[in-house]
Amino acid sequence: MASILTVDDSASMRQMVSFTLKGAGHDVTEASDGKEALSFAKGKKFDLVLSDVNMPNMDGIELTKSLRTLPDFKYTPILMLTTEAGLNKKQDGKAAGATGWIVKPFNPEQLLTTIKKVLG
Amino acid sequence: MEAAQQIDVNSQVNAGVEDQGDQLLTFILAGEEYGVDILRVQEIKGWDTVTPIPNTPEHIRGVINLRGTIVPIIDLRMRFGLETIEYGATTVVIVLKVISNNKSRIMGIVVDGVSDVYNISKDAMKPPPDFGSVISIDFVSGLATVGETMVIVLDIDHLLNSEDMAVVESVGGEGA
Amino acid sequence: MAIDMEQFKVTYIEESLEGLDIMESSLLGLDSGTADNETINTIFRAAHSIKGGGATFGLSSVSEFTHSVETLLDQIRNEERTITSEIVALLLTSVDVIRDLLAAEQHNENIDEERIEAVKKQFDALLESDTTSPGQTSSQEIKAESNQEQNAWLIDFRPHPDMLATGNDVVRMFRELTELGKCDINVDTNNIPALEDLNIEDCSLSWIVTLYSTCTKQQVEEVFVWVEDDCDLIISPLTQNESESSIENFEAIKSEKGKTKEIGPELVTKPIDRRNSGDRRTPTKNKTESSSIRVDIDKIDALINMVGELVITQSMLSQMGEDLNIDRLEKLKDGLGQLERNTRELQESVMRIRMIPISFAFNRFPRMIHDMCSNFGKKVELKVSGESTELDKTVMEKIGDPLVHLVRNSMDHGIELPETRAKLGKPETGTLSLNAFHQGGNIVIEISDDGAGLNKEKIRKKAIENGLIDESEELPDSKIYELLFQPGFSTAEKVTDVSGRGVGMDVVKKNIQALGGVVEVSTVAGQGTTFSIRLPLTLAILDGQLIRVGEQTYIVPLISIIESLQIEKNSINSVAGKADLYKLRDEYIPVIRLYEAFDIQPDSRSLENGLLVVVEGDGHKAGLFVDDLLAQQQVVIKSLETNYKKVEGLSGATILGDGRVALIVDVAGVIRVSQHGSNQNINSIHDNGVAA
């Protein structure tokens with residue numbers, strides 16, 4: 001149904017998210033860091049971006065900033081997946097332009113509920 | 001495997017996949033008809049030379065090269081202590097998949113000739129009587145009647161895995 | 001439908017173990033002084049992923065423990081705490097603990113609760129000592145409003161103009177509200193600017209929503225949580241009466257200046273000036289035995305190309321076969337030559353896939369030596385070279401333990417204490433070198449130290465004590481050092497925790513021999529010792545000598561053959577009419593009649609009509625009596641055990657060029673069997689001909 005870009009340096013996390021979303025009928029592209037994600041984004045328009053915050057090469061905050069400069073991604077929902085429950089990280093994300101966040105750990109059901117809310 | 005479906009017990013089913021009955025490959029050995037589960041039959045070959053293995057019981061004729069894999073060949077007549085005959089044009093090796101301890105092996109049995117493939121419904125299988133000492137009851141799953149013939153259905157996992165085959169797991173799993 | 005996390009657990013554990021290796025090597029780097037930001041971030045990220053994944057995939061013990069580690073690392077990366085060597089030591093210990101936790105999870109074992117608690121306490125002590133560091137920052141709990149039955153809420157929602165820039169959608173929020181209950185939504189369009197001033201990206205609308213629901217205030221706030229800083233939001237409870245008159249109050253409320261709702265204290269992040277070092281430490285991987293292998297994509301590409309060539313050659317040949325006439329013979333020969341080349345290259349390509357660099361085996365040593373240095377009070381520098389030398393994966397997995405033992409031996413007995421070294425005029429820090437290189441068809445691994453060297457006299461004395469040699473025996477130095485590899489030999493004064501604990505040099509030698517290799521030692525007293533291990537590059541291929549006994553062809557591994565010769569009648573001696581001995585120069589070696597051992601009909605039973613292949617297996621020499629020697633060739637070892645079982649005297653089988661199966665002789669096994677007799681009673685089986 002929707003085209004989703006999921007970014008995380010942890011393969012197991014990517015697999016879990018991918019599996020969950022694909023199971024719900026979405027089309028999922030995986031990237032292992034912000035740099036890779038950005039290159040995918042430049043070639044394809046996604047309906048939603050799910051990104052971890054802490055990653056090598058380019059973290060989630062930087063990725064969000066860069067995505068927002070792309071015309072196709074100006075208003076695309078970008079959700080940060082983060083264990084950082086601390087407020088400062090949320091601020092960084094928002095400041096970079098992130099739509100919202102999902103707090104880790106989350107279970108597949110929580111993920112699907114949130115995705116559904118955002119995608120409509 | 002599809003889920004079991006209710007099938008009229010009396011009718012002979014010809015679908016390949018259902019577990020209300022079995023399909024048997026039957027072969028002849030010393031005038032008797034024996035059967036094995038067709039799902040275990042990997043292939044059927046003509047008899048060809050075999051490389052003997054030292055210090056093995058006589059019925060283990062040796063090993064052959066089956067497209068790169070080493071496969072042991074067992075002579076069933078010898079295995080059952082029947083009179084042995086010369087291998088001829090109809091002598092055939094049935095290559096079977098044998099399962100023991102969750103491990104599957106490939107082995108071949110030498111038989112006089114292959115007979116046919118039959119569908120046997122579960123009803124047509126009867127438990128085996130005591131054969132005495134000729135063939136241990138462990139090797140026989142049951143008796144099936146096909147038309148006029150009695151088919152002795154073999155339990156190949158027991159037949160080809162017993163004591164003298166001594167399927168011993170090697171320590172450390174050596175051997176490439 | 002619940003999704004089972006089990007399927008992701010394996011991946012999580014694998015990647016976590018890799019992450020731990022990265023943490024460890026990075027920490028070891030920190031200890032030696034280089035503390036750049038990139039390294040610290042790498043360590044943090046590894047711990048962070050492990051913790052997050054642990055919680056997600058149901059490994060709560062891992063996630064709980066790692067939380068403390070992550071907190072500490074977070075402080076370090078935020079420059080709220082400086083790294084000390086105590087901290088590094090604690091972190092290294094925590095790496096071990098997490099490894100154990102993961103291993104326990106993998107193998108379904110119990111965890112050492114006590115140890116974990118002990119280490120955790122150390123973390124807690126450390127973290128508590130610094131009051132400015134927050135523990136777990138929990139999101140501020142917004143207390144729910146009064147317990148009285150709330151059946152409606154009045155929501156005054158005024159987005160800031162730029163609220164939509166973050167991709168948030170008001171429609172989404174209202175949809176969520178309607179899921180909570182019935183909504184009356186009233187929009188305030190008063191703030192929409194004139195058309196010419198209109199900025200379409202801005203949000204100029206605001207709303208008053210009456211939500212009929214018994215939900216909590218928190219649930220309403222949840223809907224707006226993502227935009228809480230980008231809007232003015234007031235949520236007030238309404239009783240039934242109030243809700244009915246809410247429309248009347250609409251105007252009144254609209255004019256009220258909204259107050260920003262404080263969710264929590266805002267922490268201003270310090271602008272951090274990071275020194276971005278370009279020197280990123282390459283992650284080191286240290287996989288223990290696993291049934292999968294990571295392959296360089298180049299190798300796969302080479303393989304694919306090779307197969308492509310093979311297909312071309314094959315189709316060319318088959319075309320020739322279609323229309324075979326004598327003129328084509330030259331072309332056919334060429335084609336076959338090409339086929340041979342393709343096949344050989346393909347074989348080499350495939351073998352190369354199983355080859356991985358020895359660095360995988362060397363990787364455990366920096367940490368090991370670091371720990372041993374503190375345990376023994378020694379200073380040792382590890383030098384590694386040739387770590388990119390490749391060898392077969394299986395060989396590498398099995399060489400690990402022998403290497404560890406040799407390194408431990410050097411650390412424990414070879415390299416002296418700093419004081420001792422200083423007195424001898426040596427630098428206080430000893431050097432341990434690991435070196436690997438290819439030589440011929442083998443890989444050579446050297447472990448050298450600049451320690452005390454082997455004490456010839458001590459070894460000799462010990463050997464005499466243990467009855468290995470005679471007092472009077474004169475042995476060349478090399479033979480004396482070889483005594484080290486005899487079972488039960490240990491010159492350690494006390495059995496230390498690390499070496500000499502039941503695992504001796506003899507086991508090292510046996511393990512190496514099992515891989516088809518040899519180990520040698522060379523030493524200079526006072527200067528150091530070098531152990532050299534030579535191993536074949538692959539286990540699955542063998543250089544063999546084809547021999548014929550009767551109609552059967554067997555393979556004898558070339559490495560076991562000393563020489564082959566025509567039997568001289570005069571050199572044959574018989575003992576008690578049963579065993580045969582052959583006089584070979586100045587020694588007598590037992591003759592093994594292979595036709596007997598393998599129960600074959602030979603060409604001839606009299607020794608002078610055949611050939612003798614002198615072999616050595618497991619330290620014993622023997623002569624194999626065969627009918628004929630055939631070619632020497634490389635053979636691929638095929639397992640007998642896959643479908644049959646292990647047979648004494650045979651180490652496997654192979655398939656010859658003509659498709660026949662030839663059995664491979666296990667020289668040591670055949671010698672053993674002929675000495676002690678076979679387990680099976682061959683004769684009785686022949687007599688009966690009936691199976692059990």
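Biologist: What share of the 120 residues of chain A counts as buried?

Modeller: Please note that this is a predicted model. A residue counts as buried when its relative accessible area is under 20%. By that criterion, 60% of the 120 residues of chain A are buried. The accessible surface of this chain amounts to about 4500 Å², and carbon and sulfur atoms contribute 53% of that area.

Biologist: Which pattern of helices and strands does chain A follow along the sequence?

Modeller: Chain A contains five helices and five strands, and they are arranged along the sequence as β-α-β-α-β-α-β-α-β-α. Contacts add a view of how the chain folds back on itself. Taking contacts between residues at least 6 apart in sequence, 63% join residues that are at least 24 apart.

Biologist: How should one read a salt bridge, and with which residue does A:Arg14 form one?

Modeller: Side chains of opposite charge can pair when their charged atoms come close. In chain A, the partner of A:Arg14 is A:Glu30, with 3.2 Å between the closest N and O atoms. This pair links distant parts of the chain, 16 residues apart: A:Arg14 belongs to helix H1 (residues 11-23) and A:Glu30 to strand S2 (residues 27-31) of chain A. A:Arg14 is buried, at a relative accessible area of 14%, while A:Glu30 is partly exposed at 29%.

Biologist: How many salt bridges does a search of the whole structure find over all chains?

Modeller: The search finds 36 over all chains. One of them joins C:Lys426 and C:Glu416, with an N to O distance of 2.7 Å. C:Lys426 sits in the loop between helix H15 (418-423) and strand S8 (430-439) of chain C, and C:Glu416 in the loop between helix H14 (393-414) and H15, so the pair ties together parts that are 10 residues apart in sequence. C:Lys426 counts as buried at 17% relative accessibility, and C:Glu416 is buried at 9%.

Biologist: Is C:Arg585 buried or exposed?

Modeller: C:Arg585 counts as exposed, at 57% relative accessibility. Its salt-bridge partner is C:Glu563, the closest N and O atoms being 2.8 Å apart. The two are 22 residues apart: C:Arg585 is in the loop between strand S16 (579-584) and strand S17 (587-593) of chain C, and C:Glu563 is in strand S14 (residues 561-566). C:Glu563 is partly exposed, with a relative accessible area of 22%. Elsewhere, salt bridges with shared partners connect C:Asp21, C:Glu24, C:Asp96, C:Arg99, C:Arg367 and C:Asp371 into one network.

Biologist: Why is strand S12 of chain C described as largely enclosed by the rest of the structure?

Modeller: In a regular strand the side chains alternate between the two faces of the sheet. In S12 (residues 541-549) of chain C, seven of the nine residues are buried, so the strand is largely enclosed by the rest of the structure. S12(C) pairs in the antiparallel sense with S20 (residues 628-636) over seven bridges, and likewise in the antiparallel sense with S13 (residues 552-557) over six bridges. C:Gly544 stands opposite C:Gln633 in S20(C) and opposite C:Pro557 in S13(C). The hairpin of S12(C) and S13(C) has two residues between the strands, and C:Gly550 there takes a positive phi near 60°.

Biologist: Which residues form a nonpolar patch on the surface, with about 440 Å² of accessible area together?

Modeller: That patch consists of C:Ile192, C:Leu195, C:Leu198 and C:Ile200. C:Leu195 lies in the loop between strand S2 (182-188) and strand S3 (206-212) of chain C. C:Leu195 is exposed, because its relative accessible area of 69% is over 50%.

Notes. Residues numbered from 1 in each chain as written. Chains lettered and ligands numbered in written order. Predicted model: local features only at pLDDT ≥ 70, side-chain atom pairs only at ≥ 80, totals over all residues. Heavy atoms only, no water. Helix = DSSP H or I, 4+ residues; strand = E, 2+ residues; numbered from the N terminus. Buried < 20%, exposed > 50% of the residue type's maximum accessible area, 1.4 Å probe, protein only. Contact = heavy atoms within 4.5 Å. Areas by Shrake-Rupley, 256 points an atom, 1.4 Å probe, with all protein chains shown as cover. Pairing = 2+ DSSP bridges. Patch = residues over 30% accessible without salt bridge, like charges linked within 9 Å, V, L, I, M, F, W, Y side chains within 5 Å. Salt bridge = Lys/Arg side-chain N within 4 Å of Asp/Glu carboxyl O.
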